[in-house]
Amino acid sequence: MRQFVVLLVITAAAMAPAIILRTTGWRPNPLLDALIFGVAILGAGFYLSWGAEAAEKRISAGLIVAIVALITVLPEYAVDFYYAYSAGANPGSNYVHYAAANMTGANRLLVGLAWPLLVLLHWRRTRERAIPLRPTNRTEIVFLLLPSLYAFNILFKNAITIVDTALLVAMFGLYVWRASLAEEGGEGDSDDEPGPAAALSVLPSRQQWFVMGALTLTAMAVILLSAEPFAEAMVDSGRVLGFDEFLLIQWLAPLASEAPAVVVAVLFVLSGRAENGLATMISDKINQWTLLVGMLPLALSLGAGHLSPLPLDARQHEEFFLTATQSLFGIALLLRLRLGLGSAVALAGLFVAQVVLAVVWQGNEARTIISLTWLGWGYLGLALLIFAINAKALVDLVKFLLAGAPEAGVRGRA
């Protein structure tokens, strides 16, 4: 508990400068602003993650994975919603590109960086070359597959519409319902919470709920105060540095907003619960690929004052295509209910390649679009090949979806 209190104080101190700047209106310079408000969002994310993790044993095991994933990525939602809202309020501005960039970057970071990180940490800790998943984790795989396939419908329209909002939100709601039916439990679980959340378990139940609520409300207030200045500081920082602000928003901004969610998953791995960590990261991807994508037209419409879709230009079309095909590739690697070291290296290698090409060819729109297209087709080709090799596992996944209930006692092959 003493260590937990120390962490609370340190995190509060890290968030304090952002609150001061926000209330006074003082902005030293874009780079410092981005750092201060980014650190505040990062600290708020940790508050959210500690409160959510402490609730793990008070909510059904399947449902908590979805809830933790949703709560810990709220900072990402806040930043992207600001860009989408500003796009509606300022027609013809670059904000519409920033909203799409932040969304695609956040999605690809999770699959290309966070998933491999968990496998590498698990390998370093146990020398096991793969993180296994439980049969009930087919729920996560199925509900990642559905929006990934639906994404190609969005590509045909070159826009994310209000109809897409309704369907994607419905997919997420159905996922949460199915997850609530999947009581995982079992031999792989531990009675101890990972990291700082363990301290709350020594408190009486009423005090635990009070602390969890206080952490969540404080974090949400800080995120709301910091999202706008952080988002604007990222844009201004790109101009000051002479660096493509699109790339900063796509890759650097999600690093700050996604870090707490990734740290929660890392703590699961380091505490011997790698399955939970990977399941949480898959769930993070699901809620970003459904709720985050689906809510962007709504945020844009609020800014515009009328219903309006979020358009995808040539660059954003290919960014979205690459994100969708990377998702399919990640799903293909999970079909056997495991994510191995070789798969992690492949995900990370392809991710690094796309970032390097984006940086090298920044400012050259034509070459950037070509690289996105070829990488997307590469992901798609690899995904289809792995789907064909694991046809039986794919059939089992479809049967699981149609059955309406988790299969018991079935585990993927090692």
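Here a biologist and a modeller talk through a predicted model.

Biologist: Let's start with the whole chain. How many helices and strands does the chain have?

Modeller: There are 15 helices and 4 strands. Of the 414 residues, 55% count as buried, and residues 24 or more positions apart account for 83% of the contacts with a separation of 6 or more.

Biologist: Now to a pair of helices. How are two packed helices described?

Modeller: By the angle between their axes and the distance between those axes. For α6 (residues 138–157) and α12 (residues 314–334), the angle is about 155° and the axes lie 9 Å apart.

Biologist: Why is α6 called roughly antiparallel to α12?

Modeller: Angles over 145 degrees count as roughly antiparallel. The angle here is about 155°, so α6 is roughly antiparallel to α12. Also, α6 passes α12 in a left-handed crossing.

Biologist: Which residues meet there, and how many are nonpolar, polar or charged?

Modeller: Among those in α6 are L144, F152 and L155, and α12 brings residues including F320, T325 and I331. The residues of this contact divide into 14 nonpolar, 4 polar and no charged.

Biologist: And S93, where is that found?

Modeller: S93 is in the loop between α4 (74–89) and α5 (95–126).

Biologist: What makes the link from the side chain of S93 to the backbone oxygen of N90 a polar contact?

Modeller: The cut-off for such a pair of N or O atoms is within 3.5 Å. The side chain of S93 reaches that oxygen of N90 at 2.7 Å, so the pair counts as a polar contact. Leaving aside neighbours within four places in sequence, S93 is also in contact with S86 and A87.

Notes
Residues are numbered from 1 along each chain as its sequence is written. This is a predicted model: local features need pLDDT of at least 70, side-chain atom pairs count only at pLDDT 80 or more; totals for chains, interfaces and linings use all residues. Side-chain values use heavy atoms; hydrogens and water are left out. Helices (H or I, at least four residues) and strands (E, at least two) are DSSP runs, numbered from the N terminus. A polar contact is a pair of N or O atoms within 3.5 Å; within protein, one must be able to donate a hydrogen and the other to accept it, and residues adjacent in sequence count only if both atoms are side-chain atoms. Contact means heavy atoms within 4.5 Å. Axes are lines fitted to C-alpha atoms, for helices over the stretch in contact, and angles run from 0 to 180 degrees between N-to-C directions. Angles under 35 degrees count as roughly parallel, over 145 as roughly antiparallel, 65 to 115 as roughly perpendicular and the rest as oblique. A crossing is left-handed if the near helix is turned anticlockwise from the far one by less than a right angle, and right-handed if clockwise. Ala, Val, Leu, Ile, Met, Phe, Trp, Tyr, Cys and Pro count as nonpolar, Asp, Glu, Lys and Arg as charged, and the others, Gly among them, as polar. Buried means under 20% relative accessible area, exposed over 50%, partly exposed in between (1.4 Å probe, protein chains only).
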